[in-house]
Amino acid sequence: MTKAFLLLQMQNSGDGSALGEMSGLILIVAAGLFIFLLITVFIRRYKRCPSDRILVVYGKVGGGQSAKCIHGGAAFILPVIQDYEYLDLTPISIEVNLVNALSKQNIRVNVPSRFTIGISTEPGVMQNAAERLLGLGMHEIQELAQEIIFGQLRLVVASMDIEEINSDRDKFLTNISESVESELKKVGLKLINVNITDIVDESGYIEALGKEAAAHAINAARKSVAEKNRDGAIGEANASQDERTQVAAANAKAVDGENKAKIEVANSDSLRRQREAEAERVAIASEKVQAAKALEESYAAEREAEEARAERERSSQQADIIVPAEIDKRKVEIDAEAEAERIRRKAKGEADAILFKAQAEAQGQYEVLTKQAAGLEEVVKAAGNNSKDAVLLLVADKLPELVKLQAEAIKNIKIDKVTVWEGGSGGKDGKTSTSNFISGMYKAVPPLQEMFNMAGMELPEYLKGKDVTTAEEASETSTSEDTEA
């Protein structure tokens with residue numbers, strides 16, 4: 001029976017461990033799947049922008065902008081709150097055949113041309129393209145640009161003369177580029193190239209200008225040929241004259257050259273001998289200078305050796321005398337600093353103890369005052385939140401002590417004997433000297449009636465002292481009897 005129970009218990013424990021391992025494996029697989037899904041979402045939402053496109057992220061992009069444009073980079077597209085599209089940067093070629101455009105001279109001309117445009121990558125212009133061209137196809141963008149180009153091309157033709165358009169093509173192209181590009185930037189486009197093929201007018205004005213220019217060119221060519229023939233004949237005569245003159249001059253120059261050559265040979269020999277003598281002199285002087293320098297360097301080396309020896313002696317003496325003195329001085333300084341530090345620490349400890357004691361006393365006083373305030377608050381509550389009644393309660397509580405103090409005021413007064421010389425006559429108030437003495441002693445005790453009046457309480461009738469006169473008379477009678485006796 002015992003063996004069966006042990007086998008069953010071992011089997012149950014094995015099943016529990018297997019279930020635990022299975023649960024752990026399931027958790028690991030679930031965590032791996034979750035991480036894989038996160039990575040997949042991140043990879044799918046991380047968009048890279050090719051060099052021939054603009055990545056436009058729209059939705060909640062921040063910064064007060066309706067969209068964010070990225071060229072040549074990448075961005076993470078937040079799910080749900082953001083989305084993206086691409087703008088193609090492929091150039092668009094547009095054929096613009098402007099017909100019957102009025103020039104400044106009211107002459108109608110035809111200007112066939114071809115424009116190449118594309119979406120701009122400038123920051124501000126790129127933002128315009130994202131706001132106005134996103135979602136449009138190439139054909140729609142081409143039509144929009146063609147309308148803008150037609151209008152601006154007509155304005156440029158209307159601002160120029162036929163002669164300027166025909167002769168100064170650079171100025172014409174510059175005006176077209178400036179006018180068209182400023183308008184294309186408003187929708188996010190950029191002008192890449194302008195090509196004007198030919199300019200034709202209906203009246204034949206440009207053709208007449210061409211014929212006039214051709215006639216001028218032919219006449220100028222004929223004049224140039226005649227002038228060249230004349231210049232050729234004159235040149236031939238001048239050449240013959242120059243030939244004879246130059247031959248004679250050459251012969252004269254040849255003789256003069258021979259003489260100059262002989263002179264130069266003599267000068268060269270003289271210069272050679274002078275230089276040889278100069279070189280000999282320089283060599284001798286250089287040898288003497290080098291010998292003097294060698295002797296000077298020898299003396300300098302000996303002086304440096306003597307200085308090094310003196311320095312070594314000075315260093316040795318410094319190590320034997322100055323260094324021990326410096327060590328002793330430093331030791332004294334360290335001992336003084338240690339003593340000063342000990343005194344500072346001791347003073348700091350005493351100051352901390354005094355501060356701690358003062359803080360403890362202040363804390364105790366604070367606790368006492370806090371408890372008293374709490375007790376007074378309870379007394380006021382017990383008196384129905386009436387401060388006057390609360391004061392009466394406190395005074396009533398202290399009444400036994402007040403009476404005790406009043407009684408003890410004359411407790412220790414010792415009167416062994418009182419001798420009164422009394423004639424029996426009264427004063428102005430009708431009282432004798434004896435009664436006044438007894439009344440004065442009674443009044444020396446603090447009167448309860450005044451104390452109660454200050455506290456706002458009423459003293460009982462038997463304590464108010466209304467029978468003081470009777471007591472004084474009794475005292476006078478007893479005093480008289482003592483006197484007679």
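How many salt bridges does the structure hold? The structure, which is a predicted model, holds 13 salt bridges. Some of them are taken up below, after a look at the chain as a whole.

The protein chain has 11 helices and nine strands. Of its 485 residues, 16% are buried. The accessible surface of the chain comes to about 35,800 Å², and carbon and sulfur atoms account for 57% of that area. Among contacts with a separation of 6 or more, 67% are between residues 24 or more positions apart.

Helix α5 is a good place to start. This helix covers residues 169-184, and its 16 residues should span 22 Å at 1.5 Å a residue. The C-alpha atoms at its ends are 22 Å apart, so the model agrees with the expected value. Within α5, the residues F172, I176, S179, V180 and L184 are buried. Viewed down the helix axis, the buried residues fall within an arc of 130°, and therefore they line one face of α5. D170 and E178, on the other side of the helix, are exposed. What do the buried residues of α5 pack against? They pack against β7, α3 (138-158), α4 (162-167) and β8 (189-196).

Strand β7 leads on to a single residue, S120. The loop that holds S120 runs between β7 (108-119) and α2 (123-132). Is S120 buried or exposed? Its relative accessibility is 2%, so S120 counts as buried, the limit for that class being under 20%. Leaving aside residues up to four places away in sequence, S120 touches I54, V125, M126, G188, L189 and K190.

The surface has features of its own. F34, I35, L38, I39, F42, I43, Y46, F76, L78, V80 and I81 make a nonpolar surface patch of about 1,100 Å². Which helix gives the most to the nonpolar patch? Helix α1 (residues 2-45) does, with six residues. F34 is located in helix α1, and at 51% relative accessibility F34 counts as exposed, because the class begins at over 50%.

The salt bridges can now be placed. Side chains of opposite charge can pair when their charged atoms come close. One such pair is E95 and R114, whose side chains meet in a salt bridge at 3.1 Å, N to O. E95 lies in strand β6 (residues 92-102) and R114 in strand β7, so this pair ties together parts that are 19 residues apart in sequence. E95 is partly exposed, with a relative accessible area of 43%, and R114 is also partly exposed, at 35%.

Another salt bridge joins E183 and K186, where the closest N and O atoms are 3.3 Å apart. E183 is partly exposed, with a relative accessible area of 25%.

A further pair is E311 with R314, whose side chains meet in a salt bridge at 1.8 Å, N to O. Where do E311 and R314 lie? Both are in helix α6 (residues 205-382), three residues apart, which is about one turn of the helix. E311 counts as partly exposed at 37% relative accessibility, and R314 counts as partly exposed at 47%. Elsewhere, E341, R344 and R345 are joined into one network by salt bridges that share partners.

Definitions and conventions
Residues numbered from 1 in each chain as written. Predicted model: local features only at pLDDT ≥ 70, side-chain atom pairs only at ≥ 80, totals over all residues. Heavy atoms only, no water. Helix = DSSP H or I, 4+ residues; strand = E, 2+ residues; numbered from the N terminus. Buried < 20%, exposed > 50% of the residue type's maximum accessible area, 1.4 Å probe, protein only. Contact = heavy atoms within 4.5 Å. Areas by Shrake-Rupley, 256 points an atom, 1.4 Å probe, with all protein chains shown as cover. Expected span 1.5 Å × (residues − 1). Arc of directions from axis to C-beta. Patch = residues over 30% accessible without salt bridge, like charges linked within 9 Å, V, L, I, M, F, W, Y side chains within 5 Å. Salt bridge = Lys/Arg side-chain N within 4 Å of Asp/Glu carboxyl O.
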